[in-house]
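Trainee: I've got a new structure open and I'd like to know where its labels come from. Could you take me through a few of them?

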Amino acid sequence: MIRYQLHISTKKGRQLIKWGVDREEVKEYECTNIFLWGQLGSSEHPYRKPTGGEVGLIFIPGAYIKADQYIKTARAIQETTELRIWVALTGSYGMNIPSSRQVKNAVKGAIKKLGKAGMKSKNYVGVGHGLGGHYLQDYAKASNLKALILMGSTLSRKTVLRTYPIPVLTLAAELDGVTRITRIVDEYEKLTANKLSFFQGIYMSPIIFIEGANHARFASGELTAHLKAADLKANITEDQAHRMIGKYFDVFLTVTFSTVDTKINKAIDELSEAFVSSAKKFQPFLDVKNLDTDGLESMWTILAQDFFAHEYADRVAVSNEVLENPWFFGREPSTAFNDGSMIIATTSLIHAADKSDYVLTVMGMESPREIDMKLVAKNAIWKAFASQNDTALRSEPNTCKSLNDLALILALYASSESARERYLTQGRPIVIEEDVMRGANILWAPSPLQMWEDEAGLHVRSIALVTSRDHYCKVMSPYRAMEWVNVDSLRPKPLQG
């Protein structure tokens, strides 16, 4: 039986790496932060003899994750592909957190050691997990790397995937509590902004959804307490996740580096299938996100006004304009009649989330903190139609609380069946509290939506202003409800710090 072993010991502050066959023909490399991981195999799990070209993978770990926690991931990649895969696992970063300077030196050192070890080609690929991907991407743009693979990581918000100078594969875990799925949706939105970029993205910058995996499944073993508290519980095992990771590495690397047409064509088909399947997972998130606002209007506000109109919904035509202050503060909703229909003009103020590119802080929500709406009150709509001798039955006026209920319904409807099941059986619920009333716009405007989290769930309490004509509401975004359902509700308690 062939047995490959990794021995790590300390020698003068350096790590000594050995591998070989039954301790024979052992090669040694002294290095400050790089593990060279050889081709693996055993009689139980034979390693397919490589027939393709050489590719060198250089792993940059996530925060607080050690290099040897990627050994199983590397093994799964090597066992899946017919390419000749070399692997360098970098580690020993200060405080176990990669930095820009360390990543640059690690990649250069890894390339040098891979060459000394026998790698002939120059097909080097950077592999970044979490924070490792955050720091790797800037260096990779102008380096010897020929491609970039991000695991539970993204390019910076200002960077567009389709304009990145080298091919990029982004692997997104459904239950990643560190780089949440809604952060990946932002990248998917930029990638699919037009049809040309969508089809180019299939081959040059695909984003692949890994169902049931979490942040930890890109590596193996336990995360530190901080990351473990942020991450969600995976629904698949390490081996299952690593096999899927290996599959996606294989097709991406084959499309990028193989010279055999039949293999390239087969890999293109598999990559296309994975990309389109992933798009079906991302699109519902994007659809709900676009309800909040497209930058010019808020469809969520239009739906809210229709909901308030109730039995008159088919007789009103609602428009909306998204404004900033001070213009939002001074604008009131307006009404007019045209050929028996009421024309209602509403306004909205969107309070965007505070967003960061730093992976240790992207655990915060991506969705808006709140949406402020200035609507026409149900009583005013009824009176306007009643003045025209309308005889329709009058239902009770709605509340801002009812809009929060509606936001949750929309979020659940748009979420996958498995996500709904997790939320209803394992998640902490959204608790919709009664509205807090304000008596004037000058008091309503500065009062934020009340939203707080505890072990019982996410509590939401609207701030409302109701007059004989107007109904102002500060409400939860449907996208925030969807983000809670799919991500944050699955933590057993609030994330601290």
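**Where the labels come from**

Mentor: Sure. Keep in mind that this is a predicted model. Let's start with Thr301, which sits in helix α9 (residues 299-309).

Trainee: What makes Thr301 buried or exposed?

Mentor: Its relative accessible area is 0%. Buried means under 20%, so Thr301 counts as buried.

Trainee: Which residues is Thr301 in contact with?

Mentor: Leaving aside neighbours within four places in sequence, Thr301 is in contact with Asn320, Thr346, Thr347, Ser348, Ile371, Met373 and Leu375. Contact here means heavy atoms within 4.5 Å.

Trainee: And Ile442, why is that one called exposed?

Mentor: Exposed takes over 50% relative accessible area. Ile442 has 61%, so the label exposed fits. Ile442 lies in helix α14 (residues 441-444), and together with Phe329 and Leu443 it makes a nonpolar surface patch of about 300 Å².

Trainee: On to helix α12. How do you know that its reach is close to the expected one?

Mentor: Helix α12 covers residues 400-414, which is 15 residues. The expected span is 1.5 Å times one less than the number of residues. That gives an expected 21 Å, and from first C-alpha to last the helix reaches 21 Å, so the two agree closely.

Trainee: Which residues of α12 are buried?

Mentor: Among them are Cys400, Leu403, Leu406, Ala407, Leu408, Ala411 and Leu412. Lys401 is on that list too.

Trainee: What makes Cys400 and Cys473 a disulfide?

Mentor: Their sulfur atoms are 2.0 Å apart. The cut-off is 2.5 Å, so the pair qualifies. A search of the whole structure finds one disulfide.

Trainee: What does the link of Cys400 and Cys473 tie together?

Mentor: Cys400 lies in helix α12 and Cys473 in strand β20 (residues 470-475), so the pair ties together parts that are 73 residues apart in sequence. The angle about the S-S bond is -80°, and the link is left-handed. Both cysteines, Cys400 and Cys473, are buried.

Trainee: Last one: where is Glu433, and what does it touch?

Mentor: Glu433 is in the loop between β15 (430-432) and β16 (436-437). Not counting residues up to four places away in sequence, Glu433 touches Lys401, Trp452, His459, Val460 and Arg461. Lys401 is the residue you met among the buried ones of α12. As for Ser462, it is 29 residues from Glu433 along the chain, and their C-alpha atoms are separated by 7.7 Å.

Terms used:
Residues are numbered from 1 along each chain as its sequence is written. This is a predicted model: local features need pLDDT of at least 70, side-chain atom pairs count only at pLDDT 80 or more; totals for chains, interfaces and linings use all residues. Side-chain values use heavy atoms; hydrogens and water are left out. Patches are made of residues with over 30% relative accessible area and no salt bridge: like charges are joined within 9 Å, nonpolar side chains (Val, Leu, Ile, Met, Phe, Trp, Tyr) within 5 Å. Accessible areas come from the Shrake-Rupley method with a 1.4 Å probe; for residues, only the protein chains shown count as cover. A salt bridge is a side-chain nitrogen of Lys or Arg within 4 Å of a carboxyl oxygen of Asp or Glu. Helices (H or I, at least four residues) and strands (E, at least two) are DSSP runs, numbered from the N terminus. Buried means under 20% relative accessible area, exposed over 50%, partly exposed in between (1.4 Å probe, protein chains only).
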